[in-house]
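Here are my comments on the model, point by point. Please keep the structure open while you read.

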Amino acid sequence: MSMRVGLGFDLHRLEEGRPCVLGGVTLPHPTGPAGHSDGDAVLHALTDAVTGAAGLDDIGTLFPDDDPRWKDADSATLFSEAMRLVRDAGWALMNLDVVIATEGPRIKPHRAAMRARIAELAGVDAGAVNVKGKTLEGMGALADGTGVAVQAVCLLTAL
Ligand code: MG
């Protein structure tokens, strides 16, 4: 059986007045990821993981924000489109796993909702998607709560 592993990483500043959209779910929090569209660092990292495993281009190359088709596109749309490209390239998704590193928002109360939403977008069962939150233990560049960093891995198998 032919299998491929993919790795994704993303980092966004958290800014006041931005909706806190992570993993396709809007969390109650006074700051949210800055950036183009909703800044959903989880879906961005997942997009790079699945396209990376399939040997496709990265998120910035596939969906350039100066292309009118993708300007201000919802991250859910980008991830769904990435999954379509992965399937078209002959790959099926086995599982996704995500670590969200931030001093806030708290991830744990929203893990189930994120897993369900990501699974819906990916076209797999929620059991094939996992999401964990980690704090920075007050250390390093994100310790002041000004950012969120996300690591994502996936496994694909040949269709
Ligand atoms: Mg991003």
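**Notes on the predicted model**

1. Start at helix α4. Ala112 lies in this helix. Ala112 is exposed, with a relative accessible area of 61%. Across space, its C-alpha is 8.7 Å from that of Asn130, and the two residues are 18 apart in sequence. Bear in mind that this is a predicted model.

2. Ala113 is also placed in α4. Its relative accessible area is 39%. That value makes Ala113 partly exposed, because the class runs between the 20% limit for buried and the 50% limit for exposed. Gly23 is 90 residues away from Ala113 in sequence, yet the C-alpha to C-alpha distance is 8.5 Å.

3. Now the overall layout. The chain has 4 helices and 7 strands. Their order along the sequence is β-β-β-β-α-α-α-β-α-β-β. The radius of gyration is 15 Å, close to the 15 Å that the globule rule gives for 159 residues, so the chain is as compact as a globular protein of that length. Along the principal axes, the C-alpha atoms fill a box of roughly 45 × 35 × 25 Å.

4. How do the contacts spread along the sequence? Take the contacts between residues at least 6 apart in sequence: 71% of them join residues at least 24 apart. Burial is worth noting here too. Of the 159 residues in the chain, 47% are buried.

5. The largest nonpolar core deserves a close look. It has 42 residues. Within this core, Phe79, Leu96 and Ile118 have the most contacts. Both strands and helices feed it. On the strand side, β2 (20–22), β3 (25–27), β5 (91–101), β6 (129–134) and β7 (147–158) each supply at least two residues. On the helix side, α1 (41–53), α3 (75–88) and α4 (111–122) each do so as well. The largest share comes from α1, with 8 residues.

6. Leu96 shows how the core is knit together. Which residues does Leu96 touch, not counting those up to four places away in sequence? Leu46, Val50 and Phe79 precede Leu96 in the numbering and are among its contacts. Its other contacts are Ile118, Ala122, Ala128, Val129, Asn130, Val153 and Cys154. Two of these partners, Phe79 and Ile118, are named with Leu96 as residues with the most contacts inside the core.

7. Asp10 merits a check. This residue is found in strand β1 (residues 3–16). Asp10 is buried, with a relative accessible area of 16%, because the limit for buried is under 20%. Not counting residues up to four places away in sequence, Asp10 touches Ala41, His44, Ala45, Val148, Ala149 and Val150. The Ala45 partner is 35 residues away along the chain, with 5.2 Å between the C-alpha atoms.

8. Ile59 sits in helix α2 (residues 59–62). Ile59 is buried, with a relative accessible area of 16%. Leaving aside neighbours within four places in sequence, its contacts are His44, Thr47 and Asp48. His44 is also listed among the residues that Asp10 touches. Asp144 is another matter: it is 85 residues from Ile59 along the chain, and 28 Å separates their C-alpha atoms.

9. Two backbone features should be inspected. Most residues other than glycine have a negative phi, and most peptide bonds are trans. The peptide bond from Gly104 to Pro105 is cis, with omega near 10°. Pro105 is in the loop between β5 and α4. Glu137 is not a glycine, but its phi is positive, at about 55°. The loop between β6 and β7 holds Glu137. Is Glu137 buried or exposed? Glu137 is exposed, with a relative accessible area of 63%.

10. Last, surface and charge. The chain exposes about 7700 Å². Carbon and sulfur atoms supply 53% of that area. There are 14 positive and 21 negative side chains. The centres of the two sets lie 7 Å apart.

Key
Residues are numbered from 1 along each chain as its sequence is written. This is a predicted model: local features need pLDDT of at least 70, side-chain atom pairs count only at pLDDT 80 or more; totals for chains, interfaces and linings use all residues. Side-chain values use heavy atoms; hydrogens and water are left out. A nonpolar core is a set of buried Ala, Val, Leu, Ile, Met, Phe, Trp, Tyr and Cys residues joined through side-chain atoms within 4.5 Å. Buried means under 20% relative accessible area, exposed over 50%, partly exposed in between (1.4 Å probe, protein chains only). Contact means heavy atoms within 4.5 Å. The radius of gyration is taken over C-alpha atoms; the globule rule is 2.2 Å times the number of residues to the power 0.38. Accessible areas come from the Shrake-Rupley method with a 1.4 Å probe; for residues, only the protein chains shown count as cover. Lys and Arg count as positive and Asp and Glu as negative; His and the chain ends are not counted. The place of a charge is taken as NZ of Lys, CZ of Arg, CG of Asp or CD of Glu.
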